[in-house]
Amino acid sequence: MNGLELFLLGHKLIRIGQDAIPRSGFHALTNSARTILVDVFEHPGSSIREVTERTGFPQSLVSSSVARFREDGLVVTETDPADRRRTLVRPAPGVPEKGRRNAESMTVDGALAEALGVEVAEVADLVATLDSLARRLAGAPT
């Protein structure tokens with residue numbers, strides 16, 4: 001597998017993952033907004049500039065997305081005490097836990113089986129392999 005093949009596989013897996021998530025406000029977000037929100041959840045306490053650098057989106061898009069997320073109660077912002085010109089952003093209290101609880105009831109088995117055109121029972125080994133890969137990438141023991 002080369003880098004391009006891995007990149008394309010990643011995009012296919014994103015689509016399958018989105019199909020496995022029950023319809024919610026998450027689906028109404030643009031791809032850029034979803035990317036920004038995920039980045040904030042992966043890097044709590046980041047400045048707007050840091051989110052901008054990691055996502056590659058214009059600062060105006062990151063700032064407006066963060067402002068909308070704040071209005072929706074998904075994130076909180078604060079002035080950086082070390083540099084009062086910077087705004088720090090992090091998930092709102094309780095939001096990550098709520099997302100994890102909701103995610104625990106979702107499985108990818110059905111969406112993966114549909115994408116592959118097979119029966120749900122046929123994807124158990126593949127799901128186990130994906131789970132192992134996810135844990136390794138997260139740095140957790142397998």
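# A guided tour of the model

Start by selecting Thr-52: at a relative accessible area of 15%, this residue is buried. Buried means under 20% relative accessible area, exposed means over 50%, and partly exposed lies in between (1.4 Å probe, protein chains only). Thr-52 sits in helix 4. Show its neighbours next. Leaving aside residues up to four places away in sequence, Thr-52 touches Phe-57, Pro-58, Gln-59 and Val-62. Contact here means heavy atoms within 4.5 Å.

**Before going on**

This is a predicted model, where local features need pLDDT of at least 70, side-chain atom pairs count only at pLDDT 80 or more, and totals for chains, interfaces and linings use all residues. Residues are numbered from 1 along each chain as its sequence is written, and side-chain values use heavy atoms, with hydrogens and water left out.

**Colour by confidence**

pLDDT is the predictor's confidence in each residue, from 0 to 100. The protein chain has a mean pLDDT of 88, and 89% of its residues reach 70 or more. Which elements have the lowest and the highest mean pLDDT? Select helix 6 (residues 95–104) for the lowest, 67, and helix 4 (residues 48–55) for the highest, 97. Where pLDDT is low, the predicted coordinates should not be read in detail.

**Switch to cartoon**

Count 8 helices and 3 strands in the protein chain. Helices (H or I, at least four residues) and strands (E, at least two) are DSSP runs, numbered from the N terminus. Trace the chain from that end: the elements run α-α-α-β-α-α-β-β-α-α-α. The chain has 142 residues, of which 25% count as buried. Among contacts with a separation of 6 or more, 39% are between residues 24 or more positions apart.

**Select the sheet**

In what order do the 3 strands stand? They form an open, antiparallel sheet in the order 1-3-2. Strand 1 and strand 2 are at the edges, each with a single partner strand, so one side of each has no neighbour in the sheet. Two strands pair if DSSP finds at least two bridges between them. Strand 1 (residues 46–47) is joined to strand 3 (residues 87–91) by 2 bridges. Strand 2 (residues 75–79) pairs with strand 3 over 5 bridges. Now pick Leu-88 in strand 3. Ser-47 stands opposite Leu-88, and Leu-88 is also the bridge partner of Glu-78.

**Move to helix 2**

Select Phe-26, in helix 2 (residues 25–28). Phe-26 is partly exposed, with a relative accessible area of 25%. Beyond residues up to four places away in sequence, Phe-26 touches Ile-21 and Arg-34. Try a distance to Leu-37: C-alpha to C-alpha, Phe-26 and Leu-37 are 9.7 Å apart, and 11 residues apart in sequence.

**Finish on the surface**

Show the surface of the protein chain. About 9,700 Å² is exposed, with carbon and sulfur atoms supplying 55% of it. Accessible areas come from the Shrake-Rupley method with a 1.4 Å probe; for residues, only the protein chains shown count as cover. Last, select Leu-9, in helix 1 (residues 3–20). Leu-9 counts as partly exposed, at 34% relative accessibility. With Met-1, Leu-6 and Leu-13, Leu-9 forms a nonpolar surface patch of about 400 Å² accessible area together. Patches are made of residues with over 30% relative accessible area and no salt bridge (a side-chain nitrogen of Lys or Arg within 4 Å of a carboxyl oxygen of Asp or Glu). Like charges are joined within 9 Å, nonpolar side chains (Val, Leu, Ile, Met, Phe, Trp, Tyr) within 5 Å.
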